[in-house]
2 protein chains.
Amino acid sequence: MAAQRPAHEGRERSADARSSQEHRNTRQRRTVVEALDTLEDFHSAQDFHRIVADRGGRVSLATVYRILQSLEDTGDVDVVQGDDGQALYRKCSADDHHHHLLCRRCGAAEDIEADVVERWAEQVGAASGYTQIAHTIELTGLCAQCTREVAGSS
Amino acid sequence: MAAQRPAHEGRERSADARSSQEHRNTRQRRTVVEALDTLEDFHSAQDFHRIVADRGGRVSLATVYRILQSLEDTGDVDVVQGDDGQALYRKCSADDHHHHLLCRRCGAAEDIEADVVERWAEQVGAASGYTQIAHTIELTGLCAQCTREVAGSS
DNA sequence: ATTTATGCAAAGGATTTGCAGTATC
DNA sequence: GATACTGCAAATCCTTTGCATAAAT
């Protein structure tokens, strides 16, 4: 019923409620985490599977899903729901809350901090009597590069 | 690849690029649209199918999907991707661009206009050299009612 | 040795599509 | 009557699961 909601809500999570569970340090887990660390932007589980495969890693799709899910539980990845309904994962780089600006065409991603919006969200929520406001904010557009390319070909 | 993007982008759509196509006025279309008009908050296609059925309407699931899709194209519904990856539809009450504040607990939804953010989005995008900025902004929280109820039971 | 993780294949759930039949314009 | 719309069932796509096996502690 509720709409999209990224792993990170507007609220901060207690710094100890995540990570360092008793996960077994398997090759596939290491492989996926490494891929995750390498990539800057959001990718689907299927993407990770392919990416890992391209790099010579061999991890079954089901396992990729399981690992990603486990990382989601421990708060080590950000998750957003893609347009087409597939879940997109990205390493949780900063511990602080932040948002993204994605290029619709090439997938590039930039982090953007948004004090303004943080405040705005709290404000609007409060005005309607809502509490525990969390927000999902994603900006998409065409990066400078793609803007040029698109202009050139049209 | 790109992240969630609601029916309404940050851009305004030309007031005539939507609605009033040459859709045939079929019983099933009327039925679905009526349900849509009745309900205030977001519901999945499957929800609509069931709701319509409960009211005695007989519209196949596939058709519900097709109608909802067509309404999306004409800009007559707002669409957001639910947590579990299912698309949620709601009638587009206002003609202007707006966002939502949803209650995580009871699903209530409020419209919120957000000039501030509109401007902010443009600004941030431009600062990074991005063009054609679109934004997805969803606020979730606990409505006043639910806030009370939750407080009472914990 | 125990216990958790992995692979594979099958199962699920949401959404789409092909096609023949039907309703609308 | 032509054409768009519907229903049904099959087909996709993403994701989850059951189960036997392999690996980690």
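This is a short walk through the sheets and salt bridges of the structure above. Quick reminder before anything else: we're looking at a predicted model.

Okay, chain A. There's an open sheet of three strands here, antiparallel, and the order is β1-β3-β2. At the edges sit β1 (43-44) and β2 (77-81) of chain A, each with a single partner strand, so one side of each has no neighbour in the sheet.

Now, β2(A) and β3 of chain A, residues 87-91, run antiparallel to one another and share five bridges. If you want to find the register on screen, A:Val77 has A:Lys91 as its bridge partner in β3(A), and A:Asp78 is partnered by A:Arg90. The two strands make a hairpin with five residues between them. Have a look at A:Gly85 in that turn: its phi is positive, about 85 degrees.

So, is β2(A) buried or exposed? Five of its five residues are buried, so β2(A) is largely enclosed by the rest of the structure. And that goes for both faces: A:Val77, A:Val79 and A:Gln81 are buried on one side, A:Asp78 and A:Val80 on the other. Lying across β2 and β3 of chain A you'll see helix α3, residues 61-73, at about 110 degrees to β2(A).

Over to chain B. Here, too, we have three strands in an open antiparallel sheet, ordered β1-β3-β2, with β1 (43-44) and β2 (77-81) of chain B as the edge strands. β2(B) pairs with β3 of chain B, residues 87-91, over five bridges, antiparallel, and you can spot B:Gln81 opposite B:Ala87. Helix α3 of chain B, residues 61-73, crosses β2 and β3 of chain B, at about 110 degrees to β2(B).

Last bit, charges. How many salt bridges are there over all chains? Two. In chain A, A:Asp47 goes with A:Arg50, and the closest N and O atoms are 2.7 Å apart. They're three residues apart in helix α2 (residues 45-54) of chain A, so about one helical turn separates them. With 11% relative accessibility, A:Asp47 is under the 20% cut-off, so we call it buried; A:Arg50, at 45%, is partly exposed.

In chain B, the salt bridge joins B:Arg50 and B:Asp47, again with 2.7 Å between the closest N and O atoms. Both residues belong to helix α2 (residues 45-54) of chain B, three residues apart. B:Arg50 is partly exposed at 43%, while B:Asp47 counts as buried at 15%.

That's my tour, thanks.

Note on methods. Residues are numbered from 1 along each chain as its sequence is written. Chains are lettered from A and ligands numbered from 1 in the order in which they are written. This is a predicted model: local features need pLDDT of at least 70, side-chain atom pairs count only at pLDDT 80 or more; totals for chains, interfaces and linings use all residues. Side-chain values use heavy atoms; hydrogens and water are left out. Two strands pair if DSSP finds at least two bridges between them. Helices (H or I, at least four residues) and strands (E, at least two) are DSSP runs, numbered from the N terminus. Contact means heavy atoms within 4.5 Å. Axes are lines fitted to C-alpha atoms, for helices over the stretch in contact, and angles run from 0 to 180 degrees between N-to-C directions. Buried means under 20% relative accessible area, exposed over 50%, partly exposed in between (1.4 Å probe, protein chains only). A salt bridge is a side-chain nitrogen of Lys or Arg within 4 Å of a carboxyl oxygen of Asp or Glu.
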